[in-house]
Amino acid sequence: MNKKTPGRFFAYTPWDALPAIAGVLNAVYVVLFYMAFACWHAPWWLLICMGFTFSVSIGWNINSVCHNFIHNPFFTSPLLNRLYSLLQSFALGFSQVAYDAVHTRHHRGNSDKPDENGDTIDWVSIYRHSHDHDDAESVWKYTFLSFLRDDPFAIIKELKVKSESEARWGIVEIVGFMVLYIAMFFVNWKFMLFFLPFYYFGHCLSYLNGYYLHYGGDPDQPIAWGVSSYHKLYNWLWFNNGYHAEHHFRPKMHWTKMKEFHHQISADQEAAGVRVITPPHALGFLDRSLPEKSRSVMAERAIKIAKELEARPMQQV
């Protein structure tokens, strides 16, 4: 279990300085991106490189820094946590309070399949908009349409159920970054026209990552809800986001404890058929074991066992 340390700067561990500083640097990079375009008049090839770097940073930040922050806020001070949430919301154009609400539903549903009414608990389930409810939606549609499907009114309604004060903060963050972005059009409309495609693409990359965090997982087994990747560089840069089956099994476990937890339950994971891919999740389409369909792990195992039984010679009675 995670243990807080009251009276200290960081709520859980000084290691949280790494994602906290990384998030601040990401915000600084957004300012530098603007300065390079508007003040320093950098060449186009450099601006395009900076734009794609910004896109990658969005997908990286949401799935590493922001993800860890909403599960285990970094600081003991509520004020610092609130200010950090605002900083990330403004830098990414993505409310952290709203993200918390959507992500809470994600963990309630765990990328569940539609019920008899065609609805899912998890708003970002890879099955939610699929025509075939036993198969995941196309990775292309999920990647490029999911960001456009966000419903801020439904999110605020969800927040009000949890807390009226959090709902107000959610509105502050959503309206705040929208006002900022609109104001930037008046400051420098050329930059915003250049900026927005990279902004959108960055959120698409986040959903691409999210797709392979669950594609091929088993929505019916808690230990196999997520799909893991143990790529060392990926987990070092993404603050152990690769341990996703472990994360869904114990959502509040701190990111620094994921590797140890994996070793503790590895035998149970293997027995349950937890899906593991070799590349980082954002490159999940490169995995050689990619299933043709996103059927459940148990279904794949049942098919395999059935084939083995058929291949065995019949015993004489």
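**Figure 1. What the largest pocket is lined with.** In this predicted model, the lining of the largest pocket splits into 18 nonpolar, 13 polar and two charged residues. The pocket itself holds about 700 Å³ of space. Its lining counts 33 residues, and those closest to the centre are Phe94, Tyr99, Phe147, Asp150 and Tyr207. Which helix gives the most to this lining? That would be α7, with eight residues. If you want to trace the helices around the pocket, look for α2 (44-71), α4 (96-109), α6 (152-162) and α7 (164-212), each of which supplies at least two lining residues.

**Figure 2. The second largest pocket.** Here we move to a pocket with about 420 Å³ of space. Its lining is made of 16 residues, and nearest the centre you'll find Lys232, Asn235, Trp236, Asn240 and Trp255. Sorted by type, the lining has nine nonpolar, five polar and two charged residues. Helices α8 (232-237) and α10 (258-272) each bring at least two residues to this lining. The biggest giver is α8, with four.

**Figure 3. Arg108 and Glu158, a salt bridge between two helices.** Zoom in on the side chains of Arg108 and Glu158, and you'll see them meet in a salt bridge, with 3.1 Å from N to O. Arg108 sits in helix α4 and Glu158 in helix α6, so this pair ties together parts that are 50 residues apart in sequence. Are the two partners buried or exposed? Arg108 is partly exposed, at a relative accessible area of 48%, whereas Glu158 is buried, at 17%. Recall that both α4 and α6 also supply residues to the lining of the largest pocket. There's one further name to look for in this view: Arg105 joins Arg108 and Glu158 in a network of salt bridges. As a general idea, side chains of opposite charge can pair when their charged atoms come close.

**Figure 4. Asp119 and Arg128, a partly exposed pair.** This close-up shows Asp119 in a salt bridge with Arg128, their closest N and O atoms lying 2.9 Å apart. How accessible is each partner? Asp119 has 35% relative accessibility, which makes it partly exposed. Arg128 comes in at 22%, and it counts as partly exposed too. The cut-off matters for Arg128, because a residue has to be under 20% to be called buried. Across the model, the count of salt bridges comes to seven.

**Figure 5. Asp287 and Arg275, a buried pair in two loops.** The side chains of Asp287 and Arg275 meet in a salt bridge, at 3.7 Å from N to O. Asp287 belongs to the loop between β2 (276-277) and α11 (297-311), while Arg275 belongs to the loop between α10 and β2, so the pair ties together parts that are twelve residues apart in sequence. Both Asp287 and Arg275 are buried.

**Figure 6. Asn110 and Asn240, two residues with positive phi.** Most residues other than glycine have a negative phi. That makes a couple of asparagines worth a look. Asn110 has a phi near 55°, which is positive although the residue isn't glycine. You'll find Asn110 in the loop between α4 and α5 (139-145), and it is buried, with a relative accessible area of 3%. And what is the phi of Asn240? It's about 65°, again positive in a residue that is not a glycine. Asn240 lies in the loop between α8 and α9 (244-249), where it is buried at a relative accessible area of 17%. You've met Asn240 before: it is one of the residues nearest the centre of the second largest pocket.

**Figure 7. Stepping back to the whole chain.** To place the close-ups, think of a chain with eleven helices and two strands. Follow the sequence from its start and the order is α-α-α-α-α-α-α-β-α-α-α-β-α. Of the 317 residues in the chain, 51% are buried. What share of the contacts between residues at least 6 apart in sequence join residues at least 24 apart? It's 63%. On the outside, the chain exposes about 17000 Å², and carbon and sulfur atoms supply 66% of that area.

Note on methods:
Residues numbered from 1 in each chain as written. Predicted model: local features only at pLDDT ≥ 70, side-chain atom pairs only at ≥ 80, totals over all residues. Heavy atoms only, no water. Buried < 20%, exposed > 50% of the residue type's maximum accessible area, 1.4 Å probe, protein only. Contact = heavy atoms within 4.5 Å. Areas by Shrake-Rupley, 256 points an atom, 1.4 Å probe, with all protein chains shown as cover. 1 Å grid on protein atoms, 1.4 Å probe; cavity = no way out; pocket = protein on both sides within 12 Å on 5 of 7 lines; lining within 4 Å. Points joined across faces, edges and corners; volume = space filled by probe spheres on them. Nonpolar A, V, L, I, M, F, W, Y, C, P; charged D, E, K, R; others polar. Salt bridge = Lys/Arg side-chain N within 4 Å of Asp/Glu carboxyl O.
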